[in-house]
Structure formats: C-alpha cells, structure tokens
Amino acid sequence: MSIVAIHGLYKTYKDALEPSLNGISLEIPTSIIFGFLGPNGAGKTTTLSILCGLVKPSSGKASILGKDIATEMQEIKQLIGVVPQDIALFPSLTATENLTYFGNLYGLKGKALKDKIEHYLDIFGLTNNAHKRVSQYSGGMKRRMNLIAGILHDPQLLILDEPTAGVDVQSRKMISDFLKSYNKNAGITILYTSHMLDEAEKLCDEIAIIDHGRILLQGTPQSLIQQQEKCHSLEEVFIQITGRSVRDN
Amino acid sequence: MWLRLTATIKKEYLTLSRDKAGLALLFFMPLTLIILMALIQDAPFKDYQELKFDIIVLDNDQKEISQQLVDGLKKTKKFSVHTTYKEKELNEVHAKKLVNQGKFQFAIVIPKGTSLQVQNNSNKVVAKLLNSLGMPSDTNAFTESHALYIEIIFDPTAKSAFKIAINNAMEKLVAGIETEMVLKSMSQQLGTAENDNGLAFDQIRSIEVKEKAAIDKSNGLTMITNSVQHNVPAWTIFAMFFIVIPLGGTILKEREDGSLMRLKIMPGSYTILLLGKVLFYVGVCFVQFILMMLVGIFTMPLFGLPSLQLGHSYFALMVIAIAIAFAATSYGMLIGTIFKTPSQSLTFGSVSVVLLSAVGGIWVPLYVMPLVIQKIGAFSPLYWGLNGINDLFLRHEGLLFILPQVLKLLGFSALCIFLAQWFEKKSFQ
Ligand SMILES: Nc1ncnc2c1ncn2[C@@H]1O[C@H](COP(=O)(O)OP(=O)(O)OP(=O)(O)O)[C@@H](O)[C@H]1O
Ligand SMILES: [Mg+2]
C-alpha cells in the first residue's frame, strides 16, 4: 500500500504567469526512503507544501495514509513530521524551549517529552548547547534542530525539504545516517528533497526527478542509471534529463 | 487545548522577556512619559484652576458698609482687587478705559451714599417688623430712599456666563451685608447690648453654599481637576496601545523566521495559538496599567504633584482596563497581519496610535479641542478608554455607567481579530 498518493496535482500561485505544478501524479510505498529531486524552481517545495497543508492546490487530489488532504488535514498533521526547507524555529528561545513548545503543541508533556528531547539532542550532538538560544546557533546546528522539531511526535511519514542544505560534511553525514537508521529501525517512511545527488543515490530506495512542475522519471536509483545511456551516476542521469541550463526562477 | 494555550502563553513570555527593546518600550517609556507629562502640564492645569481675575473697585462712598463690600471682594480668592493703577488713584473714566483695554476683567463702582442707604433701609425694615409685633418704634423717622446701583463695568469681550456669575456673586455679597445690617439694627432696637452678641450673623446662617466637584456637563465631559488626574490615565492608555509595536513586531518576525510556518504545520487550531498570544499581551497591558496607577498614586507626590484618585469602583476599573487591553492587543494583531514588513507595520502602527491618541483627547482633554476634532475623537478607542476611566475617577460612577465604553472597546477588539483572521486566510493560497 502506498503511504502517499498524488493524482494530477496542479498549482498556479496567485499573480504567477506560469503554473508551478503541471499535473503531478505520484505513489510512494510505505517504509521506504523516497527522493524527490529536481533543479531550482522545479516544484519540489510546492508539492511538499501542498502535502502538509501550507498551500492549496489549484486542482488535483492527494492523500496521505488514506486521508484526503482537502478534508482531513488535521488528522494528517498529527501523522506526518515536516522539516521545512527554511529554518522554522523561534530564534530567541533555547533549543530545549523550542522543542518543549513544539512537543506541547503535539500534545506531549512532562517527563516523556523531556526524555525525548534529551534523547534527540544527544543523537544530534546538541546536548551541550541545549540551553543556548537558537539565534546563536551555527547553520548546521540550526538544521539539526529543525530536524528534531519534525520528529518529536513520532510521525509515520517524515517529509524533509533539503535537510542537508548548507551544512558541513560531518553534519550531513550525521543527518543522512540518522535518516537511514530512522527508516530501518522504526520503519518510518521518508520523503525528502535534496540537491546532493550522491547522497540521494546512496540513501534513497526510490527516486522521482521533477522539472517545470512535471515528473520526468521515477524508479530506484540503480534502474534509472541503467536505463539512461552512458550514465554511471545519478548526477549524470539528472543532467541528461533536466539539461545544463541554469534556472532563473 | 489547554496545554496548547498555556504553552503558547509561556512561549510569548520567554520571547518578550528576552526582547530588551520591547520591554523598555512597554514599561520604561510610559513611566517616564506619564511623570514628565504630568509635570509639564501641571502649570497650565493649575492656572486654569487657580485663575485670579484682576479687578478695579472704586469706592465713592468711603463709609463703613462700602468698606465691608470691598473687604468682601478682597477676601474672595478669585479676585485680585485694585483701587489704584500705577500708583495713581482711579476714577470712573479711568476705570472704564482700563477695562476696555483689557487690562482688567471688570470694574465695580460703589456709589456715594451706599452705606447710608443700607443703614436706613435696614432700620426701616426692623422698625416695621417691630411695629407689626406691637412694639413701639418710629417708622416715619426715615428719609425717603431712592434706588442706588452698584455698577459693574465689564470688558466688552466678557462672555455672558461670566457676567452672570459675577453679577450673582455681587448680589450675594450685598445681600449678605444687608442681612447683617438688619440683624444689627434689630438687636439695637431691642436693646440688646452689642457685647452680648445675642444674634451674630454667622450663627444665623445654618446653610452655607459651597462649591463641590466642579462638573461641567456642557460637553458631556468632566472637568479634570488636576494634571495627574488627566495625564496618568491618558498616557497609560497611550502606552497600552503602544503594545502594537512589539506585538506587531513579533507577528512579523514569526512570519520572517519561519516559526509561523512551523505553527501552521502543527495539528490543532491556529486560533488557539493566536488566542494564547492575545491573552499574554492582554496580561502585559494589564500589568502596565496597574504599574502606572501605582506610579500615579505613590510616585507623583514625590514630584510635588497630587496623588492619583481612583474613584469608587475598583472592579469597574479592572473591567475597563481589561477592555482597553483587549482593544490594544487586537489592534496590534491586525497591524502585524496586514503589513508584510516590520518597517511598514512599525511606521503605520506608531503613527496611527499617535493620531488616535491626539484626536482621542490623550494629549489635552477633548473639550478644549475644536468641535470637528471632538466629533472625530468620539471614534477613537483611546477616547472610549479615557472617557470610561474619567467616568470612574471624576464622576465616581460604576460599572453600569461605563458599560457602553467597555462594549465599544470589546467590539473594536472583535472587529480587529476578525479582520486579522480574514487577512491571514486571504494570504493562504
Ligand atoms: N509563494 C509563491 N508565490 C509565487 N510563486 C511561487 C511561490 N513559491 C514558489 N513559487 C514559484 O513556483 C515555482 C516552484 O517553486 P518551488 O519552491 O516549489 O521550487 P523548488 O523545486 O522547491 O526549488 P528549490 O530547489 O530552489 O527549492 C518557482 O517558479 C517559484 O518561483
Ligand atoms: Mg524548494
């Protein structure tokens, strides 16, 4: 059974000349790591924003865990974890204060919440900075915090928009190792976007390449590499499919 | 739901407590402001209260009773009596000229023969009285009297209400002296020795008229008794409305730093989170209010100003304070939602609060402003708040009386929250 099902999704933003999504259809099986790849402005964030209820689709349907995004968004929100592309934290609060507040909003409290926060801060190497304000964090630390905020409530589907953007090699490895074990140990489905194609190639069970609001290719990394002539890596496939021109949007 | 609400209030508390500039704006600025404004406006308020009129009194009679009249005028604190100008004795022509020039508010001319007339009259009255009681007295022993007038020469620009007031005051003074004369002559005719003092004038007067609580209802407004009584509530309301700046700021900051997006990703109603924010800032406003009232009561006297008088109904005061707090906070929410950049919201927020305060009678009481402004001012939420508090402080009214103001403030608050939600929904595309 697929955990995410998208059918003919269109989106044209208000005042925009062209549609950002041009009929996206996609099925994501349960318990895999799914990579959603594409150049800048391809429509990745727009798709994910529709799935988590931040943006309304112009037309089309989508459901998560069998629940319709148009009518059952409140239930969906409790079941999914979201790590937005931009850091979404309260800068003047400390890591612990941020996470306590988010936990409370998910209905978590007391010792259970406290233990969970300590556990994740430890995993992501932030224990020593737990009582420092997030505004004083480095970019990599903020990224890790941003991720923890998305998983506190044990979601069944974790949606991450470029979780490794702008972080150093160590942090990137820490994050991708975590995602791998999170998926394997807890069986959590992960939907993620990235511009790091080697990382995606290693991490993902399945991949879709999107450009100009359309899905161009979908399959396992290996099958995509094999299908394309003269390609030995996902990056080569990507370039062949989406072209070399730089995006201006 | 409860957890989400309390958690949000706690989050707002932590955020604000770390915003040093915001805290200064909310607490330090208003405290300085009310003390300063009360001090600055102390003098003009005193002037209005303790205004003394310069008047000329010409005593053409120069007898016992006319002297009594002059002394009576001198005793009144409202007048400063002059009988000379630039060390020269005055006559009627001079006096008229000086009043016309506006150098004096008015002149009183006591005609020759006044004392004699009053004396004659009272003797006659007493004689008739005793006669009708069957006691012997000579009623015909008095000369025929002709009418004598004490003239008051007014400045041509004097308002009629002022003239009437002065006329009344003079008549009262004359009547008092006449009554005293009647009593004196009665005790003389009855043979009561003067030193027996059987009937003293002040013993007769059992009812005295005393001016109390100067209420001028001509504008439906209360005269404010002093600078503290006006400035403390006025600037308190102003400061409460300045919550628009930090509150609008946090809403925009949350939009910019992405935390707003995080909140929208969370399950549960976003309205609860908004409510948490509103409640917290209402609490802040309320603390501001209490603090400023305490400053009014305890700190003002340290600066030589009178202490703030709170009126009778503390409960009604709390109610109107909370209503003002809701209005201010909701207005801040609206400003924070409508505008997309902090500089826009900061500028519009502060300018609009200053304007609403100016037309709302915060700077100077509304009744001294032009009629047009008074009419516009009636729509300012700051005016409703100030009016409500004045009703409590100066008129000593209770909750029922200020209910219209409370309802107006709460209605304004509801409108702002509704509009804020509407704008927020509109931006969801
Ligand atoms: N709020 C918005 N209003 C108008 N247009 C938008 C908005 N958000 C995105 N777009 C446009 O929609 C298109 C898709 O944007 P989107 O953010 O989904 O791309 P993306 O694949 O996430 O890109 P990136 O890799 O740079 O994050 C772009 O052309 C972008 O300019
Ligand atoms: Mg994106």
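B:Lys11 is a buried residue, with just 3% relative accessibility, in this predicted model. The residue sits in helix H1 of chain B. Setting aside residues up to four places away in sequence, B:Lys11 touches A:Phe90, A:Leu93 and A:Tyr101 from chain A, plus B:Glu254 and B:Lys277 from chain B.

So what does this lysine do with its charge? B:Lys11 pairs with B:Glu12 in a salt bridge, with the closest N and O atoms 2.8 Å apart. B:Glu12 counts as buried too, at 1% relative accessibility. B:Glu254 also forms a salt bridge with B:Lys11, and there the closest N and O atoms are 3.0 Å apart. Because B:Glu254 belongs to helix H10 (residues 244–256) of chain B while B:Lys11 belongs to helix H1 of chain B, this pair ties together parts that are 243 residues apart in sequence. Both B:Glu254 and B:Lys11 are buried. Through shared partners, salt bridges link B:Lys11, B:Glu12, B:Glu254 and B:Lys277 into one network.

**Salt bridges elsewhere**

How many salt bridges are there over all chains? A search of the whole structure turns up 14. One of them is in chain A, where the side chains of A:Lys111 and A:Asp115 meet at 3.0 Å, N to O. Both of these residues lie in helix H4 (residues 110–123) of chain A, four residues apart, or about one turn of the helix. The surroundings are not those of the chain B lysine: A:Lys111 counts as exposed, at 62% relative accessibility, and A:Asp115 counts as partly exposed, at 34%.

Here are the pairs described in this report, with the closest N to O distance for each.

| Residue with N | Residue with O | N to O distance |
|---|---|---|
| B:Arg18 | A:Glu97 | 2.6 Å |
| B:Lys11 | B:Glu12 | 2.8 Å |
| B:Lys11 | B:Glu254 | 3.0 Å |
| A:Lys111 | A:Asp115 | 3.0 Å |

**Where the chains meet**

Now for the interface. How is its size usually put? The size of an interface is often given as the accessible area lost when the parts come together. Between chain B and chain A the buried area is about 2700 Å², and carbon and sulfur atoms give 64% of that. Chain B puts 23 residues into the contact, and chain A puts in 33 residues.

On the charged side of things, the count between chain B and chain A is one salt bridge. That bridge joins B:Arg18 to A:Glu97, with the closest N and O atoms 2.6 Å apart. The polar contacts across the interface come to nine residue pairs, both partners being at pLDDT 80 or more.

Which helices of chain B each supply at least two residues of the side that touches chain A? They are helix H1 (2–17) and helix H11 (259–265). The largest share comes from H1(B), which gives seven residues. Sorted by class, the side of chain B that touches chain A has ten nonpolar, six polar and seven charged residues.

**Cysteines**

There are zero disulfides over all chains. Take A:Cys52: the nearest cysteine sulfur, that of A:Cys204, is 18 Å away, and A:Cys52 is in no disulfide. A disulfide would need the two sulfur atoms within 2.5 Å. A:Cys52 is buried, with a relative accessible area of 4%. A:Cys204 is likewise in no disulfide, and the nearest cysteine sulfur to it, that of A:Cys231, is 17 Å away. A:Cys204 is buried as well, at 6% relative accessible area.

**Chain B as a whole**

Chain B has 17 helices and six strands. Of the 429 residues in chain B, 45% are buried. Counting contacts in chain B with a separation of 6 or more, 79% are between residues 24 or more positions apart.

For a local example, look at B:Val182 in helix H7 (residues 160–189) of chain B. Is B:Val182 buried or partly exposed? B:Val182 is partly exposed, with a relative accessible area of 22%, and the buried class needs a value under 20%. Leaving aside neighbours within four places in sequence, B:Val182 is in contact with B:Ser122 and B:Val126. The C-alpha atoms of B:Val182 and B:Asn121 are separated by 8.3 Å, although these residues are 61 residues apart along the chain.

Technical notes. Residues are numbered from 1 along each chain as its sequence is written. Chains are lettered from A and ligands numbered from 1 in the order in which they are written. This is a predicted model: local features need pLDDT of at least 70, side-chain atom pairs count only at pLDDT 80 or more; totals for chains, interfaces and linings use all residues. Side-chain values use heavy atoms; hydrogens and water are left out. Contact means heavy atoms within 4.5 Å. Buried area is the accessible area (1.4 Å probe) that two parts lose on being put together, summed over both. A salt bridge is a side-chain nitrogen of Lys or Arg within 4 Å of a carboxyl oxygen of Asp or Glu. A polar contact is a pair of N or O atoms within 3.5 Å; within protein, one must be able to donate a hydrogen and the other to accept it, and residues adjacent in sequence count only if both atoms are side-chain atoms. Ala, Val, Leu, Ile, Met, Phe, Trp, Tyr, Cys and Pro count as nonpolar, Asp, Glu, Lys and Arg as charged, and the others, Gly among them, as polar. Buried means under 20% relative accessible area, exposed over 50%, partly exposed in between (1.4 Å probe, protein chains only).
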